[in-house]
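Thanks for coming. I will go through one chain today, starting from a single residue and working outwards. Please have the viewer open.

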Amino acid sequence: MSKELNKILNRQSAKMIFFGREYDVLFNTKLLKVKENGTTAWAEAQPAFKRIVFAEDIPDDFIFSTLIHEIIETINWSFDMGLDHCKITTLETSICAILMDNKLIK
Ligand SMILES: [Zn+2]
């Protein structure tokens with residue numbers, strides 16, 4: 001597992017590169033559950049600020065899938081793809097299921 005992924009899974013600040021740009025991955029104590037479209041979410045991609053902010057109290061089991069979700073959100077924003085949150089969640093769930101079913105992740 002990469003050093004940066006390991007940091008994220010252990011709720012530590014990390015760096016990610018999106019299309020040559022460095023993003024900060026943060027665990028924010030102030031945001032217990034960040035809002036997304038009026039619903040609670042465990043994280044929020046803020047590509048305009050080059051960061052992904054996780055709620056500090058996100059359950060361990062949700063960190064990886066939420067990271068995948070926010071990666072897709074960032075791609076969606078970067079390429080103006082117009083995917084809604086529902087479609088992004090379907091992509092997140094599908095990608096995570098395929099990675100797990102093929103034992104590419106634990
Ligand atoms: Zn979303």
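**From one side chain to the sheet**

Leaving aside residues up to four places away in sequence, F54 touches L26, F27, W42, A43 and T66. Contact here means that the C-beta atoms of two residues, placed from the backbone, lie within 7 Å.

Before going on, the conventions. This is a predicted model, so to speak of local features I need pLDDT of at least 70, and side-chain atom pairs count only at pLDDT 80 or more, while totals for chains, interfaces and linings use all residues. Numbering starts from 1 along each chain as its sequence is written. The pLDDT is the predictor's confidence in each residue, from 0 to 100. The chain averages 90, and 88% of the residues score at least 70. Strand β3, residues 34-36, has the lowest mean among the elements, 60, and β1 has the highest, 96. Where pLDDT is low, the predicted coordinates should not be read in detail.

Now the overall layout. The chain has 3 helices and 6 strands, in the order α-β-β-β-β-β-β-α-α. These are DSSP runs numbered from the N terminus: H or I over at least four residues for helices, E over at least two for strands.

Back to F54. Which residues touch the most other members of the largest nonpolar core? They are V25, W42, A43, I52 and F54, in a core of 14 residues. Such a core is a set of buried Ala, Val, Leu, Ile, Met, Phe, Trp, Tyr and Cys residues joined through C-beta atoms within 7 Å. Buried means 20 or more other C-beta atoms within 10 Å of the residue's own, exposed means 12 or fewer, and partly exposed is in between, with C-beta atoms placed from the backbone. Strands β2, β5 and β6 each supply at least two residues of the core, and β6 gives the most, 4 residues. Over the chain of 106 residues, 21% count as buried.

Next, the pairing. β5 and β6 run antiparallel and are joined by 4 bridges; strands count as paired if DSSP finds at least two bridges between them. F54 is the bridge partner of A43, and E44 stands opposite V53. The two strands form a hairpin with 4 residues between them. In that loop, K50 has a positive phi near 50 degrees; K50 counts as partly exposed because it has 13 C-beta neighbours inside 10 Å.

The open sheet has 4 strands in the order β1-β2-β6-β5, with mixed pairing. β1 and β5 are at the edges with a single partner strand each, so one side of each lacks a neighbour in the sheet.

Helix α2 packs on this sheet, touching β1, β5 and β6, and its direction makes about 25 degrees with that of β5. Axes are lines fitted to C-alpha atoms, for helices over the stretch in contact, and angles run from 0 to 180 degrees between N-to-C directions. In α2, the residues T66, L67, H69, E70, I72, E73 and T74 are buried. The buried residues of α2 also pack against α1 and α3.

One length check to finish. At 1.5 Å a residue, the 19 residues of α2 should span 27 Å, and the end C-alpha atoms are 28 Å apart, which agrees. The expected span is 1.5 Å times one less than the number of residues.
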